[in-house]
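Here are some notes to read alongside the model. I have grouped them by topic, so feel free to jump to whichever part you need.

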Amino acid sequence: MTRASVSAAQARRIALAAQGFTDRAPAGTPTMAHLRRVVGRTRLVQMDSVNIAVRAHYLPMFSRIGDYDRALLDRAAWRPRRGDRLLVEYWAHEAALIPVEDWPLFGWRRDEFRDGRYRFTKEVMRRNRDLARDVHAVIGDVGACTPKQIEERLGIERPTGTPGGWWHRGEVKHVCEAMFASGDLSAVRNGNFVRHYDLTERVIAPEIVARTVDKTEAHRELIARAGAALGVATVADLADYYRTKAVDVRPAVADLVDAGELIPVAVEGWTDQAYLHAGATTPRQVRRSAILSPFDPVVFYRPRAHRLFDFHYRIEIYVPEHKRVHGYYVHPYLMGSDIAARVDLKADRKTGALLALGVFLEDGRERSVVADRLAHDLRAMATWLDLDRVEVGQRGDLAPALRKALR
């Protein structure tokens, strides 16, 4: 039974506070402790290989703590010092970095992915058990490897000119992917974001790898984490955070309600039952402004972004250029507790410019105020990316005002 009500404005502030947008900004240069704080809020960092502006997993940290050294995140995930690995790569909300200590909570998913995630990969794996053993042996002998390095070690020659798409990858790659999905292998990345597969027990502490969690308990813990990261959420929101099934989420929600960790509430304008996390806060205001990754947890579940911010958003990478409305890789712009604009960004590293190829104001927002704030944040982003300046293209109704603000 619903016991409380939350206004639409309160829901936005609760959600942003849960994601760390009201935490105190670092007084000096951000450190690993600040990165840990962000991960403690978001619980995962979604990954994406597109590097037209900056790869998606770097931006949520910048959005929350400002100008940090991206090498911190690399160290936390792939190049730890003295065993201080904070993050590990796995399938959470799609490909993501998750806290190492959360690895046991995905044992049920690794069981489901025992032969891989996709039908084609499963077929390759099932007819190549001997190859899987050979791959495991090579990695055990020589350490983290790319599929190409494994092929060379095994004397496998692929025809020259073989296309590079997913379905044309060699069987070694598909076997590696299946073994990664099942947890037999883990992965580290080099400076060019190339995945190297390694034995899981060499990436994650053996005592963590050995830890098992019952599926029901794992779902309860994951939904508790999702509830804390979202602040206030529907069952659909909670299910999407770790891409779990509603049939598994509902019993977990019921348990968490009984335990007092989730509180049923009615949110103004929401048709579905919502749940407020017991640790959520409702700040009086959100002062932060931030350029968001298209895969930031604030917006990666598009129905929730629309419900929270009245923000209709789609990624247009796969839309033919002549049919795109806003651009190839468009970033939402958060200003206070509102998404006020969106900007199509590209880092032109040859000329040293951060290009705002298209800039679009959301309906009803004050043009000059948004342009001034966005100009400041784009300059800060350019500095973070070691670029000299910001240049504004011709597309979008906010472009002229932004160009003026940058002068």
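1. A word on cover before we start: buried means under 20% relative accessible area, exposed means over 50%, and partly exposed is what lies in between. Glu 123, at 34% relative accessibility, therefore counts as partly exposed. Please keep in mind that this is a predicted model.

2. Let us stay with Glu 123 for a moment. Which residue does Glu 123 form a salt bridge with? The partner is Arg 119, and the closest N and O atoms are 3.1 Å apart. Both residues belong to helix α6 (residues 119-126), where they sit four residues apart, about one turn of the helix. Arg 119 has a relative accessible area of 66%, so Arg 119 is exposed.

3. That pair is one entry in a longer list, since the count comes to 32 salt bridges. Side chains of opposite charge can pair when their charged atoms come close. Among the salt bridges is one between the side chains of Arg 64 and Asp 296, at 2.8 Å from N to O. Arg 64 lies in helix α3 (residues 59-65) and Asp 296 in the loop between β10 and α15 (302-309), so this pair ties together parts that are 232 residues apart in sequence. Are these two residues buried or exposed? Both Arg 64 and Asp 296 are buried.

4. Another salt bridge joins Glu 89 and Arg 195, whose closest N and O atoms are 2.4 Å apart. Why does this pair tie together parts that are 106 residues apart in sequence? Because Glu 89 lies in strand β3 (residues 87-92), while Arg 195 lies in strand β6. Glu 89 has a relative accessible area of 1%, so Glu 89 is buried. Arg 195 also counts as buried, because its relative accessibility is 11%.

5. Some charged residues are linked in a network rather than listed here as a pair. A network of salt bridges links Arg 43, Asp 102, Arg 220, Glu 221, Arg 225 and Glu 261.

6. There is also a patch of negative charge on the surface, where Asp 214, Glu 217, Asp 255 and Asp 258 gather. One of these, Asp 255, has its place in helix α14 (residues 246-258). Asp 255 counts as partly exposed because its relative accessibility is 35%.

7. Now for the strand that holds Glu 89. An open sheet is formed by three strands in the order β2-β4-β3, with antiparallel pairing. The edges are taken by β2 (45-46) and β3, each with a single partner strand, so one side of each is left without a neighbour in the sheet. How many bridges join β3 to β4? Six bridges do, and the two strands run antiparallel. Within this pairing, Tyr 90 has Ala 96 in β4 as its bridge partner.

8. Strand β4 (residues 94-99) also holds a backbone point to look at: Glu 94 is found there. Glu 94 has a positive phi of about 60° although it is not a glycine. For context, most residues other than glycine have a negative phi. At 30% relative accessibility, Glu 94 counts as partly exposed.

9. Phe 193 is another non-glycine with a positive phi, here about 70°. Where is the place of Phe 193? Phe 193 is in the loop between β5 (185-189) and β6 (195-199). With a relative accessible area of 11%, Phe 193 is buried.

10. Finally, have a look at strand β11 (residues 330-335). Six of its six residues are buried, so β11 is largely enclosed by the rest of the structure. On one side the buried residues are Val 330, Pro 332 and Leu 334, and on the other they are His 331, Tyr 333 and Met 335, so both faces are covered.

11. What pairs with β11? Strand β10 (residues 289-291) does so in the antiparallel sense, over three bridges, and strand β12 (residues 338-348) is joined to β11 by six bridges, again antiparallel. Tyr 333 of β11 stands opposite Ile 291 and also opposite Ala 341 in β12. The hairpin of β11 and β12 has two residues between the strands, and in that hairpin Gly 336 takes a positive phi near 65°.

Definitions and conventions. Residues numbered from 1 in each chain as written. Predicted model: local features only at pLDDT ≥ 70, side-chain atom pairs only at ≥ 80, totals over all residues. Heavy atoms only, no water. Patch = residues over 30% accessible without salt bridge, like charges linked within 9 Å, V, L, I, M, F, W, Y side chains within 5 Å. Areas by Shrake-Rupley, 256 points an atom, 1.4 Å probe, with all protein chains shown as cover. Salt bridge = Lys/Arg side-chain N within 4 Å of Asp/Glu carboxyl O. Lys, Arg positive; Asp, Glu negative; His and termini not counted. Charge placed at Lys NZ, Arg CZ, Asp CG, Glu CD. Buried < 20%, exposed > 50% of the residue type's maximum accessible area, 1.4 Å probe, protein only. Pairing = 2+ DSSP bridges.
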